[in-house]
Amino acid sequence: MENFNSKNIHLVSYGIPGSLDFEIPKKISKITGVKHELINLSPDKFEWSYDLLYNFAIKKNKAIVIFESYINNYIPLIFGKDFVYWSGFMGDPISGSHLPEKINLSYEESVNLFIKNNNYSKIKNKEIFFDIKKELPSEPLLSNNILTYYEQLDFIIRQNGYLRRAIFNEDFIYKTPFLQPRLVSFFLNLPYVYRKGQTLYKDILKKMYPRLFSIKTKTNFNTSLFDSSLCFYYGKNKIRTINFLNNFFKKNIFIPPMLNYSNFDEDLRNDNNLSNIVFRNINDLEKRKIVNFIDTNILWKNHQQRKESLSSLLMLLASLEINIKAGNIKL
Amino acid sequence: MILINKMNKINQFLYFGYTLDNSFNFPWDFNLVDYIDDFCYLKNLSYNDIVNEGCKVFKDVFQDLGRDIKKAILYPLVVVLTPD
């Protein structure tokens, strides 16, 4: 935005009203004057379609969580091929957001930490997942001195093997500054202490774009990079309090500010296209009798009765079924 | 490039939310080792000088990428795909 003619730039963001993903971009657009397309993912505003999800799964040709990925791939369909799409893919991890607390973790320790940090479903079934460790690379690609073992796993498996596929629609042209050799080598050559907490990256952003980064950010818990550490902890604790109250009362008294995409927990408790697609597909999955250690009917009932909030797991199971139907997982 | 020891796609999917590739590669299409020099070219600089150098790298990279582009979409603006 600071480098080009803002008349030719559109911002695109998505979320639901009240979430930071939804509200902060509006401020950015207002301050910069850049045109802004805001996609409201509330179930009464965003049209979920099983056919589109199924076709999307076929096109991806790899099993990934369908619902979130579909939203990212949907964006270029709105604007078409006249535009070039800029993505900040890899910006956070390159600049140091995924650095482990200890720099000298062994490869085995790094694998264990990666597995612990990447349990999407939060399923705790040691018998079923006993072998998950064996499915990761048996040795690193590079020395820990060049790139920490943990980051190697994150960059290769999660960022490249999953997020890259989930974010980009292969039919359109993307620009990815954080995959350019100069930026990658600049950050990866920095000492650990400058990358830790993205310290140097944030100082670069503050120096280069003071106007933009005086705006509050989500990753800084609704405070700006220029705010004091007191403000930061206030912002962080305010969000924690909201989450605590929502959990305590087992319903969203307040919209959770840090929501990604939509409030899927509530969406699945109401009658809409999304909940119908998820319900139908977890039922189809149940009939296959291939995930015998999970009773999808009980999960669905517990979620509806607010005994638990299980939208991530339910949507994961529905995604599994759609991927099976699309042929991305062969039985 | 190292092959996965064992394939179990359903377990992989249920654990990670995606299945693993059969081979493992970095996200960029250049050889990282060629670009890592253990901080050599920055190590004699002060912190502020390194920040300045970073600003220069940013500016150059964005201008190079933006050359000849007439219309652009920036996204996702503040969206994080999955919890970090």
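How many residues of chain B are in contact with chain A, and how many residues of chain A are involved? In this predicted model, 58 residues of chain B are in contact with 85 residues of chain A. On the side of chain B that touches chain A, helix 1 (9-16), helix 2 (47-66) and strand 1 (72-74) of chain B each supply at least two residues, and helix 2 of chain B gives the most, with 12 residues. By character, the residues of this side of chain B divide into 39 nonpolar, 11 polar and 8 charged.

Chain B itself has 2 helices and 1 strand, and its elements follow one another from the N terminus in the order α-α-β. Of the 84 residues of chain B, 29% count as buried.

Turning to chain A, we can begin with its N-terminal strands. Strand 1 (residues 9-15) of chain A pairs with strand 2 (residues 35-40) of chain A in the parallel sense, over 6 bridges. Among the pairings, His10(A) has Lys35(A) of strand 2 of chain A as its bridge partner, while Tyr14(A) stands opposite Ile39(A) in strand 2 of chain A. Between strand 1 and strand 2 of chain A the chain passes through helix 1 (residues 20-32) of chain A, and the resulting β-α-β crossover is right-handed. Strand 1 of chain A is largely enclosed by the rest of the structure, because 6 of its 7 residues are buried.

A residue that links distant parts of the sequence is the next stop. Phe56(A) has its place in helix 2 (residues 50-60) of chain A, and it counts as buried because 20 other C-beta atoms lie within 10 Å, where 20 or more are required. Leaving aside residues up to four places away in sequence, Phe56(A) touches Ile66(A), Tyr70(A) and Asn73(A). Its C-alpha atom is also separated by 9.9 Å from that of Ile322(A), although Phe56(A) and Ile322(A) are 266 residues apart along the chain.

Ile322(A) leads on to a pair of packed helices, since it is one of the residues by which helix 14 of chain A makes its contact with helix 12 of chain A. Two packed helices are described by the angle between their axes and the distance between the axes. For helix 12 (residues 273-288) of chain A and helix 14 (residues 311-325) of chain A, the angle is about 65 degrees and the axes are 8 Å apart, and helix 12 of chain A passes helix 14 of chain A in a left-handed crossing. Helix 12 of chain A contributes Ile277(A), Val278(A), Asn281(A), Ile282(A), Asp284(A) and Leu285(A) to the contact, and the residues from helix 14 of chain A include Leu314(A), Leu317(A) and Ala318(A). Taken together, the residues of this contact divide into 10 nonpolar, 1 polar and 2 charged.

The loops between these helices hold two backbone exceptions. Most residues other than glycine have a negative phi. Lys289(A), however, has a positive phi of about 55 degrees although it is not a glycine, and Lys289(A) is found in the loop between helix 12 and helix 13 (296-304) of chain A. Arg306(A), in the loop between helix 13 and helix 14 of chain A, likewise has a positive phi, near 60 degrees. Lys289(A) is exposed because its C-beta atom has 7 others within 10 Å, and Arg306(A) is exposed because it has 12, with 12 or fewer being the cut-off.

How values were computed
Residues are numbered from 1 along each chain as its sequence is written. Chains are lettered from A and ligands numbered from 1 in the order in which they are written. This is a predicted model: local features need pLDDT of at least 70, side-chain atom pairs count only at pLDDT 80 or more; totals for chains, interfaces and linings use all residues. Two residues are in contact if their C-beta atoms, placed from the backbone, lie within 7 Å. Helices (H or I, at least four residues) and strands (E, at least two) are DSSP runs, numbered from the N terminus. Ala, Val, Leu, Ile, Met, Phe, Trp, Tyr, Cys and Pro count as nonpolar, Asp, Glu, Lys and Arg as charged, and the others, Gly among them, as polar. Axes are lines fitted to C-alpha atoms, for helices over the stretch in contact, and angles run from 0 to 180 degrees between N-to-C directions. A crossing is left-handed if the near helix is turned anticlockwise from the far one by less than a right angle, and right-handed if clockwise. Two strands pair if DSSP finds at least two bridges between them. A crossover is right-handed if, with the strands pointing away from the viewer, the path from the first strand over the helix to the second runs clockwise.
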